[in-house]
Amino acid sequence: MKHIGYSILILIGCLSTSASNAYDPAAVAVHPTLLNKYEQFFPAEVLRVTDGVYVARGFNRDNPTLIIGPSGLIVVDPGESIDGAQQAKDAFNAHLDNIFDKRPVKAIIYTHHHDCHINGASVFADERTEIIAHENLMRSLFSEWYGQVFPSRVEGGLKMSGILFQDAPVEQGEGWYAGYVLAGKNFIGPSGFLPPTIRVKDRLDTMIAGVRLTLISAPGETDDVILVWLPQKQVLIQIGILYEAFPALTTMRGSRQRDPLDYVESLKICRSLEPEYLVALHGPNPITSGKENVRQYLTNFSDAIQFMHDQTIQYLNQGFTPGEIKDLLELPPHLAQSPYLQETYGRKDWNIYHIFRFYRGYYTGAVRDLFPQSPLSEARLSAELAGGVDALAGKAQSALAAGELEWALRLADDVLLLDEWNDAAFETKKAAMLALAADDMNAQARNMLLSDYLLMTQPDSIIAPFPFGDPKAIFARINDQAMRLMPMETLNRIMAVNLNAAKSIDEDRVMGLRLTDRFKHQSMSREPNQYRFQVRHGILEVDPPSDGVGQLLVTTDSLTWKALVLGKLAADIAVADHLVSISGGSAEDFYAFMDLFESS
Ligand SMILES: [Zn+2]
């Protein structure tokens, strides 16, 4: 098929070679706590947990874990890309006398659907390898990642992880990139994801390669997390509910609301197993040994979440708003001081807002919040209070000089909303962002600030692998395998959110679709092969309950249809190449319908 876009990961791959230029300034200081975390990722190495269990730390954003059984191997979370997984495999081979030449890989287990855990599978698998995951994994993957919010997730993920400036790592205090606490480096490359062959619902007790395994559903970061428990070895392998930093109930990348109590419940399951060894699939120190140490680690992490949760709700019930709770809520000293609970990844204040919104939504209960203001309206008020736009720029400078960096950023930003060419405010905003990034131990905050700094000041020096702000172009870069596996339900949502409301506001038209290959693709086995799309004054409804008017019917195979919707294939090319056939109307009717989903 023609006009298929590049794989996402290949495009990210291009980035790291094309962006190796000098940034201005050449280095941004790193908070010592964050720097210390980052340096612990090096050198990459294979670590022994106990007999027959090994972790490859520093070769991927996750820590692929190898279980060696009498009759074969099991790999947990095979890595973030084909390249990353190959590095981990080579390291295991070097450390373990070419183990992959001697024993077959019987199973690969995904602990959840996040990209750093699933994209290395093909490097380890042969045709008989079972791929095991939670039964929700595919649904999560095609709603949380390759779904209607893909463009936003991609932008958030790239900024949060610092990929845009990864070619300038901090070495001896010089540079920009200092990891993101869960990982030291990103090892980008094409995806080797393989879909699951065995799905776990609540619990699966099984024997693979002569090793007894218990897989337990344990929702937390996502609702498709499974714990891997090796009862004979007393090893618990997990991620998605615990890591070596203050918990992030929500990430800056963006995610659906996570129920904080899910984490607490899942951590309770972990504790009930009384593991001797705990393997974390992220972070520089993946192995915790000793029942008491493990118990303490799990308990502290759980208590930090529960304390924040319960106390936030206690204040909420007393009528406090999240901003007020932020000033009131203090962690107990033993948690606040724990080296494993520093705010290098999650943050207390972000979690308060998350918990608050999880339970009561947008409205805080304070009448001043009944009337949401746009940033522009707030900026106008700021300028008026300051005595004009230039006076406001002066206030921003004073705040910067006084070290009130957050206010300097906010006020300078207000000025730029009113006068985008205001040099004083532009310089103040730049300086505030750099200083905030240098001061903050939180890796997500640092990476977000520095990514936006680069996009704002040196857009030509970084080639973003995705055209931020152009969702249609980003959807078009969903890789081909993900496109093949994508459920029609996901595709229909992507279509709906791409509808141009202005263009379709006076429209009411229906188009039928017949797919010719219903049973050929795994994702489609239980899906209908006929759809009706009604565009009705600004919305798209798929299969409306009543018959729409119109006879236009498009017949094609599912891959062609997916490529059309994702913008990988133009409608006129599809017609010219006889990839679609049209009845009940003309090719022009088909183009006109598809054009309703174009932004211009
Ligand atoms: Zn992860």
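**View 1. Burial of two zinc donors, C116 and H282****.** In this predicted model, C116 is buried. H282 is buried too. Both residues coordinate the zinc ion, C116 through SG and H282 through NE2. H117 also contributes its NE2 atom. The coordination distances run from 1.9 to 2.8 Å. Along the sequence, the donors follow the spacing C-H-x164-H. C116 and H282 link distant parts of the chain, 166 residues apart. C116 belongs to helix α5 (residues 115–118). H282 sits in the loop between β12 (277–280) and β13 (287–289).

**View 2. A nonpolar surface patch at V367, L370 and F371****.** These three residues together offer about 330 Å² of accessible area. L370 lies in the loop that runs between α13 (348–360) and α14 (375–386). L370 counts as partly exposed because its relative accessibility is 43%, between the 20% bound for buried and the 50% bound for exposed.

**View 3. G388 in the loop between α14 and α15****.** Helix α15 covers residues 389–401. G388 has 27% relative accessibility, so this residue counts as partly exposed. N60 is 328 residues from G388 in sequence. In space, the C-alpha atoms of G388 and N60 are 51 Å apart.

**View 4. Domain 1 and domain 2 of the chain****.** Domain 1 spans 370–461. Domain 2 spans 486–595. Their C-alpha centres are separated by 44 Å.

Conventions
Residues are numbered from 1 along each chain as its sequence is written. This is a predicted model: local features need pLDDT of at least 70, side-chain atom pairs count only at pLDDT 80 or more; totals for chains, interfaces and linings use all residues. Side-chain values use heavy atoms; hydrogens and water are left out. Patches are made of residues with over 30% relative accessible area and no salt bridge: like charges are joined within 9 Å, nonpolar side chains (Val, Leu, Ile, Met, Phe, Trp, Tyr) within 5 Å. Accessible areas come from the Shrake-Rupley method with a 1.4 Å probe; for residues, only the protein chains shown count as cover. A salt bridge is a side-chain nitrogen of Lys or Arg within 4 Å of a carboxyl oxygen of Asp or Glu. Helices (H or I, at least four residues) and strands (E, at least two) are DSSP runs, numbered from the N terminus. Buried means under 20% relative accessible area, exposed over 50%, partly exposed in between (1.4 Å probe, protein chains only). Domain bounds come from an automatic or database domain assignment. Donors are N, O and S atoms within 2.8 Å of the metal (3.2 Å for Na, K and Ca); water is not among the atoms, so sites may look incomplete.
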